[in-house]
2 protein chains.
Amino acid sequence: MVRLKRKRSRYCRRLFLAEGEDLLTAALSAGIFPQAAFVDQGAESDLTKRLSPDSLIPGRPEPEIYLVDAEVMSRISGLRSGTRVISVFDFVDRRLSSRAPAATARGPFLFISGAGDPGNVGTLVRAAAAFGAAGVIMGPKTADPYSPKALRATMGAIFQIPLYLGIAPDELVSWADRQNLAIISADAHRGKPVSEADLAGAFVLAVGAERGGAPERLLAAGQVVTIPQAAEVESINLAMAGSVILYEAQRQRRCRGSGSL
Amino acid sequence: MVRLKRKRSRYCRRLFLAEGEDLLTAALSAGIFPQAAFVDQGAESDLTKRLSPDSLIPGRPEPEIYLVDAEVMSRISGLRSGTRVISVFDFVDRRLSSRAPAATARGPFLFISGAGDPGNVGTLVRAAAAFGAAGVIMGPKTADPYSPKALRATMGAIFQIPLYLGIAPDELVSWADRQNLAIISADAHRGKPVSEADLAGAFVLAVGAERGGAPERLLAAGQVVTIPQAAEVESINLAMAGSVILYEAQRQRRCRGSGSL
């Protein structure tokens, strides 16, 4: 299991380690059970109860529980935070299919391109779930959402929102086209102020690494929006920019829904 | 100078270390010069030019430049990131005075209470500057904005926005009262949806540590707002929540300014 700390091993086996009770709780409340869990000997009683057959959906295989001591725990952990449980989950990402995603009525898809910081990637997944996005799609050079830091930043949202990985900009553009989804890209400078753009419809919001913005291929594929800022300051960071635009889209949907403008 | 890595030494001497060229550049463009700078020997030519008498405001004392090798540099650094320059600055925070802050016409003040994570604190300072806030006021148990991690997260915004430190909630409430500023607190659950609250006026926005929200004293002192979220998800993090509300306030001011509703 220690091998799953390495990205390559995770992707070979399509398994990842989720550290801590918050992530386990989020998974269980989304109806997702781990394959196995390493539980600190001292924490056995309450944690193992949650994974016992009584709590499980009938027909689902029971997770294997390993009671381990603090030393083994810290060897499995990638965060060195003295966690009481580390769970092993199957990957949750899906294929971008040609079937119309029913969720589109909820909110936009978020496309994240070239974001190298796992904390930013996790925070964006969390924001997407919080603001009712339909799903999160990641480009090929984006930090691994299954890494310990990214997972922690999602606060469990990774179990709550559809996730698609390794999608190149070209693939995204043709998929969006087939799904009748507009592409709206965020850029720090070029673009329409975000509150003046129409974000109440069905679209993919493309955000890119901090200084680069969304890839040119996507900027050229649709509208470009900008978050207006006081002149002197560096653009706000990627996670903040994504959160603000997802918030704005939610605000416009709520507004539209309530009949007022 | 290595002593300034410790918070106590920073506050005794009211001096802090700013690592990297981005922070130095942000300070210089705000007209703020360091007292001294440690420059990597190899980076001498272009960096020392920026701090030479020709670039300085007449009458300002010239910063002392120390050319040091990589080993000394890494001993001064708190970030271990191989930086080429570390500058020594006077503290930039001010006293909350009874004079009416002229800047109020711009945007709200942001009050941050009990935020322990320096990255969140720095990000909020950056968001406040980006969205035209009048200033950032910090409560007593908030992470030090002069710590290396917080400074890095501000991306230099710490030199661009008025900063007030160590202000207790009671002091804030009476100051706001004298300044005719409303207090609007953010809370994850209780409160009016933020887009339905009036954020175009003069107010202090109070945000608190992730799970605690703003202090009760402030929640009781005025309106409470909530960022509407999809039900299942943990509240978005402090930096995101603050950014979104500051964005919303800016949107409402721009809207009001343009004559439309």
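What follows is a chat between a biologist and a modeller about a predicted model with chains A and B.

Modeller: Ground rules before we start: this is a predicted model, where local features need pLDDT of at least 70, side-chain atom pairs count only at pLDDT 80 or more, and totals for chains, interfaces and linings use all residues. Residues are numbered from 1 along each chain as its sequence is written, while chains are lettered from A and ligands numbered from 1 in the order in which they are written.

Biologist: Okay, how many residues of chain B are in contact with chain A?

Modeller: Two residues are in contact here if their C-beta atoms, placed from the backbone, lie within 7 Å. On the chain A side, 29 residues take part. On the chain B side, the number is 29.

Biologist: Which helix gives the most to the side of chain B that touches chain A?

Modeller: Helices (H or I, at least four residues) and strands (E, at least two) are DSSP runs, numbered from the N terminus. Helix H5 (118-130) and helix H9 (238-257) of chain B each supply at least two residues of that side. The one that gives the most, with 8 residues, is H9(B).

Biologist: And how many residues on that side of chain B are nonpolar?

Modeller: Ala, Val, Leu, Ile, Met, Phe, Trp, Tyr, Cys and Pro count as nonpolar, Asp, Glu, Lys and Arg as charged, and the others, Gly among them, as polar. By that split, the side of chain B that touches chain A has 9 polar and 5 charged residues. The nonpolar number is 15.

Biologist: How are the two copies related?

Modeller: Copies are superposed by least squares on the C-alpha atoms of residues with pLDDT of at least 70 in both. Chain B can be laid on chain A by a turn of 180° and a shift of 0.0 Å along the axis, with an RMSD of 0.0 Å. The copies are thus related as by a two-fold rotation axis.

Biologist: What share of the interface residues of chain B are also interface residues in chain A?

Modeller: The copies meet through the same surface. That is so because the share is 100%.

Biologist: At what angle do H9(A) and H9(B) pack?

Modeller: Axes are lines fitted to C-alpha atoms, for helices over the stretch in contact, and angles run from 0 to 180 degrees between N-to-C directions. Angles under 35 degrees count as roughly parallel, over 145 as roughly antiparallel, 65 to 115 as roughly perpendicular and the rest as oblique. H9(A) and H9(B) are therefore oblique to each other. Their axes are 9 Å apart, and the angle is about 55°.

Biologist: Which residues of H9(B) meet H9(A)?

Modeller: By class, this contact has 8 nonpolar, 2 polar and no charged residues. From H9(A) come Ala239(A), Met240(A), Ser243(A), Val244(A) and Tyr247(A). Facing them in H9(B) are Ala239(B), Met240(B), Ser243(B), Val244(B) and Tyr247(B).

Biologist: How does H5(B) lie relative to H9(B), roughly parallel or roughly antiparallel?

Modeller: Asn120(B), Thr123(B), Leu124(B), Ala127(B) and Ala128(B) in H5(B) meet Leu238(B), Ala239(B), Gly242(B), Ser243(B) and Leu246(B) in H9(B). The two axes come within 9 Å and cross at roughly 10°. That makes H5(B) roughly parallel to H9(B).

Biologist: Now the sheets. Which strands stand at the edges of the 7-strand sheet in chain B?

Modeller: Two strands pair if DSSP finds at least two bridges between them. This open sheet runs in the order E7-E6-E5-E10-E8-E11-E9, with parallel pairing. Two of its strands each have a single partner strand, so one side of each is left without a neighbour in the sheet. Those are strand E7 (163-164) and strand E9 (192-193).

Biologist: Which strands of that sheet does H9(B) touch?

Modeller: Inside the sheet, E5 (109-113) and E10 (203-208) of chain B pair in the parallel sense over 5 bridges. H9(B) packs on the sheet, its direction making about 160° with that of E10(B). The strands touched in chain B are E5, E8 (182-186), E10 and E11 (223-226).

Biologist: Which are the edge strands of the 4-strand sheet in chain B?

Modeller: That one is open too, with mixed pairing in the order E1-E4-E2-E3. E1(B) and E4(B) pair in the antiparallel sense over 5 bridges, and Phe16(B) stands opposite Phe89(B) in E4(B). The edge strands, each pairing on one side only, are E1 (15-19) and E3 (64-68).
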